[in-house]
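Load the model and hide everything but the cartoon. The tour begins with a word that has to be pinned down, then goes from one selection to the next.

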Amino acid sequence: MRQPEGPSPWVVLLDRTWDFFASTKVASVLIVLIAAASILGTLIEQESLYQDWRPPYLYYPDRYGEFWGNLFMRLGLTHTYSSVWYAALILMLVISLIICSLHRLVPLHRQLVRPQVWKLPHFLRKQQVVLEAGVSLGEAEARLKKAGYRIWRDRECLYAEKGRLSRYGPYILHIGLLVVCFAAFAKALPGWDESQDVWIPDGQTVKVPGTDFAITNHQFTIELYENGMPSRYATDASILVEGQEVVRKTIEVNKPLSYGGWDIYQASWREEPGVAHLRLVHAETGQVVTRIPFDLRDPAPEYPIEGTNLQVAVRTYLHDFMLDPETNQPTNASYEVRNPVVMAEVVTADTEQVLGRVALVILGDVPAVYAGPYYLEVERVDTRWYTALKLHQDKTVPYMYAGLAVVFIGMLITFFIFHWQVWVREENGGVLIGARAYKNRFGLTREIQRLFGAPQGEGTERNDTA
């Protein structure tokens with residue numbers, strides 16, 4: 001005999017998944033975990049917000065110690081809101097809220113819009129407030145209607161209620177939480193929560209990648225304590241759109257400039273050699289032929305010698321000279337201007353005939369190496385200040401605020417509107433009244449007392465006439 005087949009494993013899995021996410025305990029645990037993760041994400045400086053030029057693998061071990069800094073990075077706590085595990089918690093909470101709401105809201109709504117009016121006396125006597133009054137059913141209806149109740153009648157019974165909206169408050173709150181969750185989840189999506197660092201030297205303008213505006217650093221200012229620590233640093237900055245200044249403000253720590261949805265913060269600074277003032281000297285006479293303002297970050301390819309047909313042509317320039325250990329070829333050791341070396345030629349401007357070659361280590365006391373009648377020497381080196389501005393744009397903020405506003409409305413409805421239900425049944429020449437409050441039971445008792453007289457008790461079955 002063939003055994004009857006049981007339910008499909010997929011059906012069993014879906015049922016168990018539904019029951020799991022329909023549990024309020026699961027939702028509570030998820031909320032606690034998300035709250036704890038959010039607190040950690042607030043206490044631990046996030047990668048997109050810390051005000052330092054160093055990359056995370058250098059910054060966090062120095063900021064929190066070798067062990068904790070590396071642990072925070074491995075756990076993803078340095079980018080909490082964009083981490084996979086945080087997004088998974090948010091997604092699970094969204095699923096839980098949706099399933100919890102559907103699991104309870106549908107039967108609740110059906111019960112509220114189609115209330116059962118006709119009840120037996122023992123049902124009324126089991127309610128929180130019970131009262132027998134010597135009035136007619138019509139008089140009881142009139143009193144309840146005057147007090148703001150909605151009335152339904154069925155034969156010798158009536159049902160009255162007010163404050164029904166209170167029962168929907170938790171689900172309105174759930175909707176707000178869903179909006180907040182979706183906003184938090186959107187932080188992990190490309191283009192929703194962006195940040196980037198921009199380094200701008202004094203007096204220069206830099207186009208911000210991915211935007212339609214540029215930032216001008218008019219002047220970076222730093223003030224120091226007596227021990228050499230910075231007491232204040234700020235940037236006099238302008239926003240330029242198509243070459244026109246649209247806003248100008250001094251940016252300081254915790255005083256950002258806001259434009260086009262971007263918040264522009266003062267993040268860091270650095271000082272480096274900026275312009276080397278070089279002298280081209282005739283080797284035999286010692287006469288200075290010309291002076292060259294040599295930009296150590298972005299030098300020009302040629303420097304014409306005024307009044308002559310000659311020019312100094314830069315053939316190779318390295319801002320941090322070193323020899324590659326593998327290829328033994330000159331290369332840059334870092335991005336910083338630390339060991340600038342220039343190799344140039346003195347040529348005729350029209351035919352580019354080489355008259356001399358020179359190699360110069362700009363910082364240090366190493367004399368120039370040259371071949372021909374000319375050599376270069378350093379007159380002085382001016383430093384240059386760079387400001388580091390951190391740009392942050394979070395498109396989820398309006399949705400986050402909207403969700404929190406809905407949460408607030410849901411809390412107001414839940415805690416400050418009271419759903420009161422009253423059943424009235426004709427009995428023994430008067431009426432039997434049973435009432436129930438989902439909140440503020442004391443207020444309901446006082447209202448029934450005001451409308452019909454003193455209640456006989458709560459949940460009792462005494463038959464004294466009020």
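A cavity here is a set of grid points where a 1.4 Å probe fits but cannot get out, and its lining residues have an atom within 4 Å of a point. The model is a predicted one.

Stop one: the cavity. The count comes to one cavity of 30 Å³ or more, and the volume of the largest is about 30 Å³. Select L278, I292, F294, Y303, V312, V314, V342, A344 and L376, and show them as sticks; these residues line the largest cavity. What kinds of residue make up this lining, nonpolar, polar or charged? The lining has nine nonpolar residues, no polar ones and no charged ones.

Stop two: the strands behind the lining. Colour β11 (288–295), β13 (310–318) and β16, each of which supplies at least two residues of the lining of the largest cavity.

Stop three: the sheet. β13 and β16 also belong to an open sheet of five strands, in the order β12-β13-β16-β17-β18 with antiparallel pairing. Now select 302–304 and 369–371, which are β12 and β18, the strands at the edges. Each has a single partner strand, so one side of each is left without a neighbour in the sheet. Look along the sheet: from one strand to the next, the twist averages 15°.

Stop four: one strand pair. Select residues 341–348 for β16 and residues 354–361 for β17; the two pair in the antiparallel sense over seven bridges. To finish, label E345 and find its bridge partner in β17, which is R357.

Methods. Residues are numbered from 1 along each chain as its sequence is written. This is a predicted model: local features need pLDDT of at least 70, side-chain atom pairs count only at pLDDT 80 or more; totals for chains, interfaces and linings use all residues. Side-chain values use heavy atoms; hydrogens and water are left out. Two strands pair if DSSP finds at least two bridges between them. Helices (H or I, at least four residues) and strands (E, at least two) are DSSP runs, numbered from the N terminus. Axes are lines fitted to C-alpha atoms, for helices over the stretch in contact, and angles run from 0 to 180 degrees between N-to-C directions. On a 1 Å grid over the protein atoms alone, a cavity is a set of points where a 1.4 Å probe fits but cannot get out, and a pocket is an open set with protein on both sides within 12 Å along at least five of seven lines; lining residues have an atom within 4 Å of a point. Grid points are joined across faces, edges and corners, and a volume is the space filled by probe spheres set on the points. Ala, Val, Leu, Ile, Met, Phe, Trp, Tyr, Cys and Pro count as nonpolar, Asp, Glu, Lys and Arg as charged, and the others, Gly among them, as polar.
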